[in-house]
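Colleague: Could you walk me through how to read a model like this one? I would like to go feature by feature.

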Amino acid sequence: MRVSREKFAENREKILTAASVLFRENGFDGVGVADIMKAAGLTHGGFYGHFESKDDLALEVSRKLIERVEERWRELIAGAPGRPLQALLDHYIHWRTVDDPGRSCVFASLIQEVSRSEGAVRATFSEGLSTLVDVLEEVVPGATQEERRANATTTLSSMMGAVILARAVEDRALAEQFLVTMRRKLDPTQQS
């Protein structure tokens with residue numbers, strides 16, 4: 001039975017959506033093609049009509065999620081002209097980022113796995129992180145471009161580190177310390 005172009009595109013989007021959640025929840029290696037197709041409501045056999053391999057899917061999902069992070073950060077900045085950095089911090093260093101890895105930051109969810117890999121996915125993550133440093137460079141304090149670049153790099157590392165550490169511990173109070181302390185340290189309006 002032949003599938004229309006519209007249905008084919010719809011099915012491909014279902015696969016991408018399901019994979020984006022499952023990859024962030026379980027890692028690239030923690031989920032199989034059958035799991036992804038089941039979550040998409042499709043049969044396993046249809047996968048290879050859309051993607052050459054799971055690695056091909058992981059690359060496309062990574063690119064889309066990274067683009068989405070950049071778009072969201074730029075929206076937050078544009079929506080908070082008087083406090084762009086604070087808007088990013090409010091959004092990112094938050095319990096929803098910690099508690100829902102399947103629907104939150106692709107970097108915080110997959111960066112450890114990506115750091116042990118090679119190839120196109122790792123290159124995509126590297127480019128994405130560099131882009132986020134560029135975005136932050138526009139909103140962090142600093143008297144020179146060099147100082148803003150250093151502050152942007154520190155801010156990105158700290159934001160993601162706080163979320164990753166908060167996810168890693170079972171003690172909710174300790175997790176909150178990671179979030180609250182880092183939020184306070186990064187927000188120039190809260191520093192004395």
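**Reading the helices, core and rings**

Modeller: Gladly. Let us start from one residue: leaving out residues up to four places away in sequence, tyrosine 92 touches Trp73, Thr97, Cys105, Ala108, Met159, Met160 and Val163. Keep in mind that this is a predicted model.

Colleague: Is tyrosine 92 buried or exposed?

Modeller: The general idea is a cut-off: a residue with under 20% relative accessible area counts as buried. Tyrosine 92 has a relative accessibility of 2%, so it counts as buried. Tryptophan 73, one of the residues it touches, is also at 2% and therefore buried.

Colleague: And which residues have the most contacts inside the largest nonpolar core?

Modeller: They are Phe23, Leu57, Trp73, Tyr92, Phe107, Phe125 and Leu136, in a core of 54 residues. At least two core residues come from each of α1, α2, α3, α4 (84-92), α6, α7 (120-137), α8 (145-168) and α9 (172-186). The most come from α3, which supplies ten.

Colleague: How should I read a pair of aromatic rings?

Modeller: A pair of rings is described by the distance of the centres and the angle of the planes. There are five aromatic pairs in the structure. For tryptophan 73 and tyrosine 92, the centres are 6.0 Å apart and the planes lie at 85°, so this pair is edge-to-face. It links distant parts of the chain, with tryptophan 73 in helix α3 and tyrosine 92 in helix α4, 19 residues apart.

Colleague: What is the geometry of the rings of phenylalanine 107 and phenylalanine 125?

Modeller: Their centres are 5.4 Å apart and their planes are at 80°, so that pair is edge-to-face. Here the link runs from phenylalanine 107 in helix α6 to phenylalanine 125 in helix α7, 18 residues apart. Both phenylalanines, 107 and 125, are buried. Elsewhere, ring pairs join Phe47, Tyr48 and Phe51 into a cluster.

Colleague: Which charged end sits over the ring of tryptophan 95?

Modeller: That of arginine 172, at 3.5 Å from the centre of the ring.

Colleague: Let us turn to a helix. How do I check the length of α1?

Modeller: Compare the expected span with the distance between the end C-alpha atoms. Helix α1 (residues 5-26) has 22 residues, so at 1.5 Å a residue a span of 32 Å is expected; the end C-alpha atoms are 31 Å apart, which agrees. Glycine 27 follows α1, and its phi is positive, near 85°.

Colleague: What do the buried residues of α1 pack against?

Modeller: They pack against α2 (33-40), α3 (54-78) and α6 (106-115). Among these buried residues are Asn11, Ile15, Leu16, Phe23 and Arg24.

Colleague: Where is aspartate 187 found, and what is it in contact with?

Modeller: Aspartate 187 is in the segment after α9. Its relative accessible area is 3%, so aspartate 187 is buried. Setting aside neighbours within four places in sequence, aspartate 187 is in contact with Gln86 and Leu89. With glutamine 86 there is a side-chain polar contact of 3.0 Å.

Colleague: One last case: why does alanine 150 count as partly exposed?

Modeller: Partly exposed is the class between the buried limit of 20% and the exposed limit of 50%. Alanine 150 is at 42% relative accessibility, so it falls in that class. Alanine 150 belongs to helix α8, and its C-alpha atom is 25 Å from that of glycine 79, which is 71 residues away along the chain.

Key
Residues numbered from 1 in each chain as written. Predicted model: local features only at pLDDT ≥ 70, side-chain atom pairs only at ≥ 80, totals over all residues. Heavy atoms only, no water. Helix = DSSP H or I, 4+ residues; strand = E, 2+ residues; numbered from the N terminus. Expected span 1.5 Å × (residues − 1). Buried < 20%, exposed > 50% of the residue type's maximum accessible area, 1.4 Å probe, protein only. Contact = heavy atoms within 4.5 Å. Core = buried A, V, L, I, M, F, W, Y, C linked by side-chain atoms within 4.5 Å. Phe/Tyr/Trp six-rings, centres within 6.5 Å; stacked < 30°, edge-to-face > 60°. Lys NZ or Arg CZ within 6 Å of the ring centre and 35° of its normal. Polar contact = N/O pair within 3.5 Å; in protein donor to acceptor, adjacent residues only side chain to side chain.
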